[in-house]
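Trainee: I would like to examine this protein chain with you, beginning with one of its helices and then turning to single residues. May we have the structure in view before we start?

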Amino acid sequence: MTKLVAIDLDGTLLNERHEISQENLAALSFAHEQGVMVVIATGRSYQDVKSILTNANCPLNPWIISANGSIIHHPNGEKVHSVPIAKQTAEPILKWLEEEEYYYEVYSEASLLSPQYGRELLAAELDVIKSLEPEVNEEELQKAIMGQYSQAGFSFITSYHDIVSDETEIYNILAFSLHNEKLQKGKDTFRSGNGLSVFSSGRYNFEFTHEDASKGKALEKLGNILQIPLVKMAAIGDNYNDVSMLTMVGRSAAMGNADDEIKKQCHEVTLENVNDGVAHFIYRLLQK
């Protein structure tokens, strides 16, 4: 019997408005009533997750795996596990991102750090794309940008020196661009290795965590804390940063909006996030 279900946020539990639907909230409550522990496993920051749950009037107070598995928080808010990126590893990455004029975000425990000029960079990128590609879907690009800006807990910095010069621990670095060529340049420049994992969690980004941080490894760690084996866990997600947990658990589901490659690695495929795919999976899982 399933004892725990780990759920991704973006493209999974959240709909196209970055909200949790009433149907999904009801399904989370149903799982809880059936004795199944609900865990949020996301690339977002802890502060942002708490804000989303509060705004949705979520009746549950779940364990939270944030920053792509870099941090685990107890329902009481205590940090019980973390895997930060070493400053000497992060510094050259941040230096390169600034020199190459990328918008970026750095996830610390207390806030989401981003350069003061970052939003000007994305506005300039959008203007260039619109001038070069008049037929581009501007609404989609604006939606992607606002998805970044809608996060809670931002703290703006003048440069990366503000981060590496103090005691702030770095858990995740996200680089974002609307230019495909620019994204590919970043992905080609940085590869996993030397203590880092490099991956993408969305169409317009690439990210960095410690090599020992992933949603799967965090879920395994949480299982050890709660004494729940992976085989008695379920997980649901839509993107490549979810694969590590989707391939470890006893029952996994890919969202209907996931890439085919993600779907191939799961036990089943549920509905899209705009059609309450999480609720559909939970009710199938628990045979309501």
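Trainee: Which elements are included in what covers the buried residues of α4?
Mentor: The model before us is a predicted one. In it, the buried residues of α4 are A90, I93, L94, W96, L97 and E98. Their cover draws on both helices and strands, and it includes β6 (103-107), α7 (161-164), β9 (172-176), α8 (180-189), β10 (196-199) and β11 (205-210).

Trainee: What distance does helix α4 reach from its first C-alpha to its last?
Mentor: Helix α4 covers residues 87-99, which makes 13 residues. At 1.5 Å a residue, a span of 18 Å is expected, and the helix comes close to that value. The distance it reaches is 18 Å.

Trainee: Which residue with a positive phi follows α4?
Mentor: After the helix ends, the chain continues into a residue with phi near 60°. That residue is E101.

Trainee: Is V278 buried or exposed?
Mentor: V278 is placed in helix α12, residues 277-285. Buried means under 20% relative accessible area. The relative accessible area of V278 is 1%, and therefore V278 counts as buried.

Trainee: Which residues does V278 touch, if those up to four places away in sequence are not counted?
Mentor: One partner is L13, which is 265 residues apart from V278 along the chain, yet their C-alpha atoms are separated by 6.0 Å. With L13 included, the residues touched by V278 are I7, T12, L13, N24, I236 and M255.

Trainee: Is S29, in helix α2, buried or exposed?
Mentor: S29 belongs to helix α2, residues 22-33. Leaving aside residues up to four places away in sequence, S29 touches P59 and L60. Its relative accessible area is 17%, and since the cut-off is under 20%, S29 counts as buried.

Trainee: How does the accessibility of H18 class this residue?
Mentor: H18 lies in the loop between α1 (9-13) and α2. Its phi is positive, near 60°, in a residue other than glycine. Because its relative accessibility is 30%, H18 counts as partly exposed.

Trainee: Where does N57 lie, and is this residue buried or exposed?
Mentor: N57 is not a glycine, although its phi is positive at about 55°. The residue lies in the loop between α3 (46-55) and β3 (63-66). With 65% relative accessibility, N57 counts as exposed.

Trainee: Turning to the whole chain, what radius of gyration does it have?
Mentor: The protein chain has twelve helices and 14 strands, and its C-alpha atoms fill a box of roughly 50 × 45 × 35 Å along the principal axes. For 288 residues, a compact globule would have a radius of gyration near 19 Å, with which the chain agrees. The value for the protein chain is 18 Å.

Trainee: What share of the contacts with a separation of 6 or more comes from residues 24 or more positions apart?
Mentor: As background, 55% of the 288 residues count as buried. Among contacts in the protein chain with a separation of 6 or more, the share from residues 24 or more positions apart is 64%.

Trainee: How far apart do the centres of the positive and negative side chains lie?
Mentor: The protein chain exposes about 12800 Å², of which carbon and sulfur atoms supply 46%. Its charged side chains comprise 24 positive and 41 negative ones. The centres of the two sets lie apart by 6 Å.

Notes. Residues are numbered from 1 along each chain as its sequence is written. This is a predicted model: local features need pLDDT of at least 70, side-chain atom pairs count only at pLDDT 80 or more; totals for chains, interfaces and linings use all residues. Side-chain values use heavy atoms; hydrogens and water are left out. Helices (H or I, at least four residues) and strands (E, at least two) are DSSP runs, numbered from the N terminus. The radius of gyration is taken over C-alpha atoms; the globule rule is 2.2 Å times the number of residues to the power 0.38. Buried means under 20% relative accessible area, exposed over 50%, partly exposed in between (1.4 Å probe, protein chains only). Contact means heavy atoms within 4.5 Å. Accessible areas come from the Shrake-Rupley method with a 1.4 Å probe; for residues, only the protein chains shown count as cover. Lys and Arg count as positive and Asp and Glu as negative; His and the chain ends are not counted. The place of a charge is taken as NZ of Lys, CZ of Arg, CG of Asp or CD of Glu. The expected span of a helix is 1.5 Å times one less than its number of residues.
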